[in-house]
Amino acid sequence: MGLPRRTAADNSTALSLAVFEKAAALASADQDWSGALTDLETGLQRHSKNPEAPKTCVRAIRTALGARRTADVERLVKEFMDKWREHEDTWRVEYLLAQSFSLDGRDHDAILILERIDRAIARGVVRERDGIVAELLLAEAYSKIGDHGKAIEVLDRITARHSRQHQDLLRQLPLCIGLVAQRKGDHEKALHEFGIAAHVAPTPRMRIHALLGLVRSHLAVDSPIEAFGAHAIAMRLGVPDDLLVDATDLKARAFVAMGLDSRAISAWIDALESAGK
């Protein structure tokens with residue numbers, strides 16, 4: 001729950017910006033995004049001259065984005081740009097706006113922003129970690145509009161452009177490249193990248209996504225036995241509930257590819273039962 005709203009009569013005991021920040025953090029922990037956003041915006045209104053106000057505005061933008069309140073994101077970004085355009089977080093704010101556009105399906109608008117950030121990365125004026133994150137989103141946006149070749153081009157240059165310092169981000173690259181290659185229909189490249197991702201992806205969920213990607217591409221090139229192998233490893237890792245129906249469907253498709261239709265039917269029944277739980 002957010003802070004109780006205060007009135008102009010309370011100015012003599014005005015709360016500090018840090019108090020509003022803390023209240024917003026507590027509200028966010030309770031998934032009260034509306035309360036968190038209200039706390040941050042109230043803090044901004046009362047303490048707009050505070051040196052920390054720009055960072056509070058960035059937190060407000062992130063909170064609005066997390067709540068998928070894209071109109072609020074655009075409004076807060078405009079406020080940030082009007083007041084603090086020269087702040088060190090300007091590129092980060094533009095990236096958040098691109099994320100918001102992407103959520104709204106405005107991928108071409110997102111690409112315009114992200115290409116501008118990409119040019120700034122080449123000039124060395126964007127912090128490296130922010131640059132990698134922006135490039136990952138740029139590749140995703142290109143893939144969403146069907147330009148998979150451009151998406152792979154963006155992903156391929158990330159390793160060449162950046163140091164090995166941010167391994168948690170760079171280890172996501174093989175999975176990202178594999179997914180785009182698969183959408184493009186380049187299953188040879190997808191199999192190569194998914195094979196790497198199954199070992200180096202930074203989280204178990206990402207490794208499972210890579211293994212299921214291997215299953216799909218093995219099926220696409222008529223290799224059902226290899227598909228079964230990747231599927232078995234994914235299941236041993238513990239496929240989460242929200243991916244279980246998809247994983248079971250892939251298993252059924254592998255049975256079909258091997259001519260085992262009765263086994264496929266049993267797998268599809270299992271998938272339907274899982275979906276109904």
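Over which residues does pLDDT stay under 50? Select residues 1–13, where pLDDT, the predictor's confidence in each residue from 0 to 100, stays under 50, and where the model has 19 contacts (heavy atoms within 4.5 Å) beyond four places in sequence. Where pLDDT is low, the predicted coordinates should not be read in detail.

This is a predicted model in which local features need pLDDT of at least 70 and side-chain atom pairs count only at pLDDT 80 or more, whereas totals for chains, interfaces and linings use all residues. Residues are numbered from 1 along each chain as its sequence is written, and side-chain values use heavy atoms, with hydrogens and water left out.

Colour the chain by pLDDT next: the average is 82, and 82% of the residues score at least 70. Among the elements, which are DSSP runs numbered from the N terminus (helices H or I, at least four residues; strands E, at least two), helix α12 (residues 204–220) has the highest mean pLDDT, 95, and helix α15 (residues 261–276) the lowest, 61.

Now select helix α5 (residues 90–103) together with helix α6 (residues 107–122), whose axes, lines fitted to C-alpha atoms over the stretch in contact, lie 8 Å apart at an angle of about 155°. On the scale from 0 to 180 degrees between N-to-C directions, that makes α5 roughly antiparallel to α6, a label for angles over 145 degrees. Residues making the contact include Trp 91, Tyr 95 and Phe 101 of α5 and Ile 113, Leu 114 and Ile 117 of α6.

Finally, select Cys 57, which is buried (under 20% relative accessible area, 1.4 Å probe, protein chains only) at 0%, and then Cys 176, which is partly exposed (between that cut-off and the 50% above which a residue is exposed) at 23%. The structure holds zero disulfides, a disulfide being a pair of cysteine sulfur atoms within 2.5 Å.

Methods: Parallel < 35°, antiparallel > 145°, perpendicular 65-115°, else oblique.
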